[in-house]
Amino acid sequence: MDTISSSFTLKSSQSSNNPHNTLFSTFSPLKKLIPHTKKLPLKYHFITSSQKRPPLLATFFKSMDDFVCTFLDPPLRPSIDPKHVLSGNFAPVDELPPTACAVVEGSLPPCLLGGAYIRNGPNPRFAPCGPHHLFDGDGMLHVITFTSPDEPTFCSRYVKTYKYTVEQKTGHPIFPSVFSSFNGLAASILRGLLTVARVVTRQFDPVANGFGLASINVALIGGHLFALGESDLPYAMKVTPNGDVITLGRHDFFSDEPFSIMTAHPKMDPQTGEAFSFRYHVIPPFLTLFIIDPNGKKQRDVPIFSMRSTSLTHDLAVTRNYVVIPDIQLVMDFMEIAKGRPPARVDLDKVPRIGVIPKYAEDESELVWIEAHGLNVIHFSNAWEEDGGETIVMVAPNPTFVEHALDRLDLARPIIEKIVINVKAKTLVRHPLSNQVLDMGIINPTYAGKKNRYVYAGIVAQPMMLVGVVKIDLSAEDSVSGGGTVASRLYRPGCSGSELSFVPREPGNPAAEEDDGYLVTYVHDENTQESHFIVMDAKSPTLETVAAVKLPGRVPTGFHGLFIKESDLNKL
């Protein structure tokens with residue numbers, strides 16, 4: 001019977017005065033950690049947060065934090081009220097060392113054996129005393145490794161960022177958040193002053209060490225595993241032979257130019273091994289593109305001065321010849337702090353745009369911007385070229401009500417669309433692919449940047465949960481009425497899942513059909529308080545479960561993940 005369904009931080013060797021390298025323009029970036037070498041081994045200089053701070057001063061700062069939370073914060077809206085944000089399966093969990101678990105249904109497919117599935121997500125180390133946004137939690141990796149077909153190993157570990165290390169010593173949160181810290185004018189002013197005071201007295205030092213969370217995504221770049229966030233550099237991670245997860249340190253990809261943040265969604269080109277990435281800034285240029293080569297070394301910056309403001313661009317798409325950049329209505333505006341509001345907001349007066357630029361452009365002279373009213377692409381499922389490169393086809397969820405995109409995904413009601421761009425004519429046409437509320441659309445990774453047929457997405461339901469899975473056939477003509485949905489399943493009542501990953505049944509087989517493989521994810525059951533790792537048959541019209549592993553700990557609702565096959569895991 002179907003168990004789930006049907007039912008330590010691095011210290012920079014240099015400093016910089018470039019204001020573009022951090023989300024907060026007052027904080028300078030890190031420079032490169034070590035010189036470029038041929039093999040580009042990851043090498044780090046560890047610090048232990050040993051800077052001394054007066055205990056009485058730290059106690060005073062904490063009392064001021066408590067004062068702001070108790071007397072100055074206005075009533076908290078649901079999106080920043082920890083009682084709401086951290087309820088149900090959004091509540092944090094403790095670390096769990098490598099623990100054996102049992103296959104309770106079916107059997108694990110051979111393509112999983114020797115590999116690992118890793119999912120990232122926010123998991124606050126300390127209970128917040130004031131406002132807290134879902135995006136504020138410390139990164140935690142939940143990893144299941146398949147060293148045995150009958151007894152996988154599960155582990156949950158924090159990403160030991162600089163923020164985590166410092167707050168582990170202080171015993172409470174002290175780092176500010178652009179999503180929740182600025183709540184009412186009086187509270188915003190005092191929290192801002194407290195942040196400056198803590199930096200000046202060296203309670204923490206974001207200038208040298210950053211202050212990101214590494215809580216959004218995981219990626220393989222240049223042969224190494226990274227946990228990524230949006231407001232810092234990635235943190236290199238290692239999965240040990242016994243299934244544990246170790247934080248190696250903060251990494252800048254041996255950059256010759258100083259930088260200290262990058263997107264959590266770099267896009268890998270499977271043909272070249274390059275990673276295409278970007279970072280945004282609060283002063284011009286508001287966006288900068290760059291490439292990380294197959295050896296893991298960052299290449300030169302390509303500043304985009306035609307980006308008119310700080311867009312909270314979260315993802316990009318890569319085709320054979322182009323990079324596609326969304327300029328969305330989610331923006332960063334630090335003038336909002338003066339009004340007692342968070343700088344991260346939705347600008348409903350802004351007209352979104354889609355930018356298309358050659359992959360290896362040295363500047364933005366060939367960049368084409370296309371206005372796209374109502375199109376706010378936050379995650380791309382895939383993109384490819386047709387008609388000899390004159391047409392770009394993209395598949396992506398688009399929030400119907402973007403005003404809720406920073407607080408309630410379910411109320412934003414994302415709908416998956418196919419967007420067809422005529423590059424020469426600078427026009428685009430949009431085609432809804434389903435009438436369901438869907439997000440976290442993924443594909444068979446073999447088809448990244450190439451024309452594909454199938455997209456697998458999570459069914460979004462209140463309150464902000466993925467309660468099922470659909471398989472959409474992009475070749476179906478009647479997609480908007482649901483004709484494009486060729487397979488679907490709902491989890492049992494009370495169950496919710498994470499983003500899917502597709503694992504080919506026969507990796508490397510060029511004759512394999514696109515949907516010949518498995519969908520894997522974590523699913524939590526609120527009724528039994530049990531979490532499972534499940535494997536679904538991607539070809540099945542019901543996406544039936546072929547294996548389920550009962551996990552020894554709860555897996556909270558989180559963000560993005562990936563499956564690492566045995567050969568890649570061995571290299572790590």
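User: Two strands count as paired if DSSP finds at least two bridges between them. In this predicted model, over how many bridges do strand 15 and strand 18 pair?

Analyst: Happy to start there. Strand 18 covers residues 353-358 and runs antiparallel to strand 15. One contact in this pairing joins V323 to I357 of strand 18. With the cut-off at two bridges, the pair qualifies, as its count is six.

User: Which residue in strand 15 is the bridge partner of V318?

Analyst: Strand 14 (residues 317-318) pairs with strand 15 in the antiparallel sense, over two bridges. The two strands form a hairpin, with three residues between them. Within strand 15, the bridge partner of V318 is V323.

User: Is strand 15 largely enclosed or largely open?

Analyst: Let's look at both directions in which its side chains point. Y322, V324 and P326 point one way, V323, I325 and D327 point the other way, and all are buried. Because six of the six residues in 322-327 are buried, the rest of the structure leaves strand 15 largely enclosed.

User: How many of the 572 residues count as buried, as a percentage?

Analyst: For scale, the chain holds seven helices and 33 strands. Its accessible surface is about 22,300 Å², and carbon and sulfur atoms supply 55% of that area. A residue counts as buried under 20% relative accessible area, and by that cut-off the buried share of the chain is 61%.

User: What is the order of the strands in the open sheet of four strands?

Analyst: Pairing in this open sheet is antiparallel. Strand 6 (217-221) and strand 9 (245-250) each pair on one side only, which makes them the edge strands. On average, and ignoring direction, neighbouring strands are turned by 35° against each other. Read across the sheet, the order is 6-7-8-9.

User: In the hairpin of strand 6 and strand 7, which residue takes a positive phi?

Analyst: Five bridges hold these antiparallel strands together, and A219 faces F226 of strand 7. Two residues lie between the strands of the hairpin. The positive phi, near 60°, belongs to G222.

User: Which residue in strand 8 is the bridge partner of L225?

Analyst: L225 falls in strand 7 (residues 224-228), which is largely enclosed, because four of its five residues are buried. Strand 7 joins strand 8 through three bridges in an antiparallel run, and the hairpin they form has six residues between the strands. In strand 8, the partner of L225 is M237.

User: Which residue in strand 9 does A236 stand opposite?

Analyst: Strand 8 spans residues 235-239 and pairs with strand 9 over five bridges, in the antiparallel sense. Opposite A236, strand 9 places G249.

User: Is the aromatic pair of F175 and F211 stacked, tilted or edge-to-face?

Analyst: The whole structure contains 18 aromatic pairs. For F175 and F211, the centres are 6.2 Å apart and the planes meet at 55°. Planes under 30 degrees apart would be stacked and over 60 edge-to-face, so this pair counts as tilted.

User: How many residues apart are F175 and F211 in the chain?

Analyst: Both rings belong to buried residues. F175 sits in the loop between helix 3 (162-170) and helix 4 (185-200), while F211 is in the loop between helix 5 (206-209) and strand 6. The pair links distant parts of the chain, and the number of residues separating them is 36.

User: The charged end of K298 sits over which ring, 5.0 Å from its centre?

Analyst: K298 has two ring contacts to tell apart. It lies over the face of F259, at 5.1 Å from the ring centre. The contact at 5.0 Å is with the ring of F290.

User: Is R413 buried, partly exposed or exposed?

Analyst: R413 is not a glycine, yet its phi is positive at about 50°. Its place is the loop between helix 6 (409-412) and strand 22 (414-422). Because its relative accessibility is 38%, between the 20% and 50% cut-offs, R413 counts as partly exposed.

User: And F253, with its positive phi of about 60°: what is its relative accessible area?

Analyst: F253 lies in the loop between strand 9 and strand 10 (267-268). Unlike the partly exposed R413, F253 is buried. Its relative accessible area is 1%.

Note on methods. Residues numbered from 1 in each chain as written. Predicted model: local features only at pLDDT ≥ 70, side-chain atom pairs only at ≥ 80, totals over all residues. Heavy atoms only, no water. Buried < 20%, exposed > 50% of the residue type's maximum accessible area, 1.4 Å probe, protein only. Areas by Shrake-Rupley, 256 points an atom, 1.4 Å probe, with all protein chains shown as cover. Axes fitted to C-alpha atoms, helices over the stretch in contact; angles between N-to-C directions. Phe/Tyr/Trp six-rings, centres within 6.5 Å; stacked < 30°, edge-to-face > 60°. Lys NZ or Arg CZ within 6 Å of the ring centre and 35° of its normal.
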